[in-house]
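Here is a short briefing for a computational chemist. Please look over the model first, then read the notes by topic.

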Amino acid sequence: MSEMLTTAIDHADALIDLSNIVRNPRLGGHGKADLIRLERVAGAFAALYGQSGIAFYAVADTSLLHGKGLFLDARQHRALKQWADGGLIEVEPKADPRLLELAEDTGLPIVTGDLFKGHRREFPWLDGSDDAVLRPRPGPGGSVELVHVELPALPDWELSRNEEDDLLLQQGLLDGDRRLRKELLARLWSCPEPRCPRHDPHRARYLLLPRMMGGRIRCDQHGLDMVDTGPRPLSAQLKVIVDGRERHRFTVTAAEPCPVGRSAARPGQVDLSPWLTPDQRRLISRTHLVFRFHNDRLVVRDESRNGTGLRLRDGRTRPLDRSRDLPLGVGEHLVLLPGLELVRSGRRYPAELTAARTGGTPKARGSGDDQTATSAL
Ligand SMILES: [Zn+2]
């Protein structure tokens, strides 16, 4: 089950409120806590997005690891402890504020049954958001489904009542802390302890985020101040979606442009031909689109003969302007043909984070007007 977990934020498809999920008796399983619920929710996520492999960035409350008699199956409890020791999950005194920080900084959705009522003042973008939270619910025949929940805007009196329950808020996530958190994602940090998995971030397979403690950036394993080793290399991940199912992922880096089309002629080109029927091949150009980074933003240029549609977060589709670099936002779909789309995965990048949360989070893939938008092309 551990293969669905990652603490490499760049590889994550979603954040998961682990304690909330494994303690939800409506998701099947036995006892107060059952890891089978995590497995079911991962299956529901895969079904929702037509994805094969899932990578959840999980945050658990300390009480899940130390609570007595939560798990009927002692092996599950041991597995959970191993995940925590191995750095596969984050463990926090209270998971909610950490999940919300991560969601704010990355734009990733949170899988949880929680509506975060006690945190609306600190994270005002939650009010009225319809894509911050994916909530599990029992589906037909004992299955589990995930649905996007619109978080209702709370009246002021309800805010204060919920906040009283939440002492962590008193410590405050101040504006200065928010700025520091952006730095934290924009740069690579090294723990001075040479044996630490966070010692050499340039060579690490997984990028573990350091933690902010008391206004300083520290290694939570060693309590040492982390050393800034320079800006974090830019990269963006794109998914090839064929008939609603993910078939391939590729990464665009700042090092060189990334062409995409129906051939592998150019170096580094992403070849779409394995997924094309002979009829479709005629409609896709050898080099159809070119991705690159410009001023820290991912941009795309349409070099195709037949054009490409851009489906915006609100479900409307318009033709992509030809032969110009245009920024591609998280949650925007490039529609090459009906049933053939390229989608940017959830994570945002430092230059984009400053603009994030002013225009809302991206619309979820697969929800809403997909069908209409594709056929309107
Ligand atoms: Zn360390």
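**Aromatic pairs**

Three aromatic pairs are found in the structure, which is a predicted model. One of them is the edge-to-face pair of Phe123 and Trp125. The notes below start there and go on to the zinc ion, the sheet, the hairpin, a helix and a loop residue.

- The ring centres of Phe123 and Trp125 are 6.2 Å apart, and the planes meet at 80 degrees.
- That angle makes the pair edge-to-face, because planes over 60 degrees apart fall in this class.
- Phe123 is buried, because its relative accessible area of 0% is under the 20% cut-off.
- Trp125 also counts as buried, at 14% relative accessibility.

**Zinc site**

- Which residues coordinate the zinc ion? They are Cys191, Cys196 and Cys219, each through SG, and His222 through ND1.
- The coordination distances run from 2.1 to 2.3 Å.
- The site is tetrahedral, with angles of 104 to 116 degrees among the four donor atoms.
- Along the chain, the donors of the zinc ion follow the spacing C-x4-C-x22-C-x2-H.
- Is Cys219 buried or exposed? Cys219 is buried, because its relative accessibility is 0% and the cut-off is 20%.
- His222 is partly exposed, with a relative accessible area of 34%.

**Six-stranded sheet**

- Six strands form an open sheet in the order S12-S11-S21-S20-S17-S18, with antiparallel pairing.
- Strands S12 (245–253) and S18 (317–319) stand at the edges. Each has a single partner strand, so one side of each has no neighbour in the sheet.
- From one strand to the next, the twist averages 25 degrees.
- Within the sheet, S11 (residues 235–242) and S21 (residues 340–344) run antiparallel and are joined by five bridges.
- In this pairing, Leu238 of S11 stands opposite Arg344 in S21.

**Hairpin and its neighbour**

- Strands S15 (residues 289–294) and S16 (residues 297–302) pair in the antiparallel sense, over six bridges.
- Leu289 stands opposite Asp302 in S16.
- How many residues lie between the strands of this hairpin? There are two, and Asn295 takes a positive phi near 45 degrees.
- S16 also runs antiparallel to S19 (residues 326–327), joined to it by two bridges.
- Val300 has Leu326 as its bridge partner in S19.

**Helix H2**

- Helix H2 covers residues 36–49, which is 14 residues.
- Its end C-alpha atoms are 20 Å apart. This agrees with the expected span of 20 Å, because each step counts 1.5 Å a residue and the number of steps is one less than the number of residues.
- The buried residues of H2 are Arg37, Leu38, Val41, Ala42, Ala44, Phe45, Ala46 and Tyr49.
- An α-helix has 3.6 residues a turn, so residues three or four places apart point the same way.
- Gly50 follows H2 and has a positive phi, near 60 degrees.

**Lys94**

- Where is Lys94 placed? Lys94 sits in the loop between strand S3 (89–92) and helix H5 (95–106).
- Lys94 is partly exposed, because its relative accessible area of 39% lies between the 20% and 50% cut-offs.
- Ser19 is 75 residues from Lys94 in sequence, while their C-alpha atoms are 9.9 Å apart in space.

Definitions and conventions:
Residues numbered from 1 in each chain as written. Predicted model: local features only at pLDDT ≥ 70, side-chain atom pairs only at ≥ 80, totals over all residues. Heavy atoms only, no water. Helix = DSSP H or I, 4+ residues; strand = E, 2+ residues; numbered from the N terminus. Buried < 20%, exposed > 50% of the residue type's maximum accessible area, 1.4 Å probe, protein only. Donors = N, O, S within 2.8 Å, 3.2 Å for Na, K, Ca; no water. Tetrahedral: all angles 85-135°; square planar, octahedral: opposite > 155°, others 65-115°. Pairing = 2+ DSSP bridges. Axes fitted to C-alpha atoms, helices over the stretch in contact; angles between N-to-C directions. Phe/Tyr/Trp six-rings, centres within 6.5 Å; stacked < 30°, edge-to-face > 60°.
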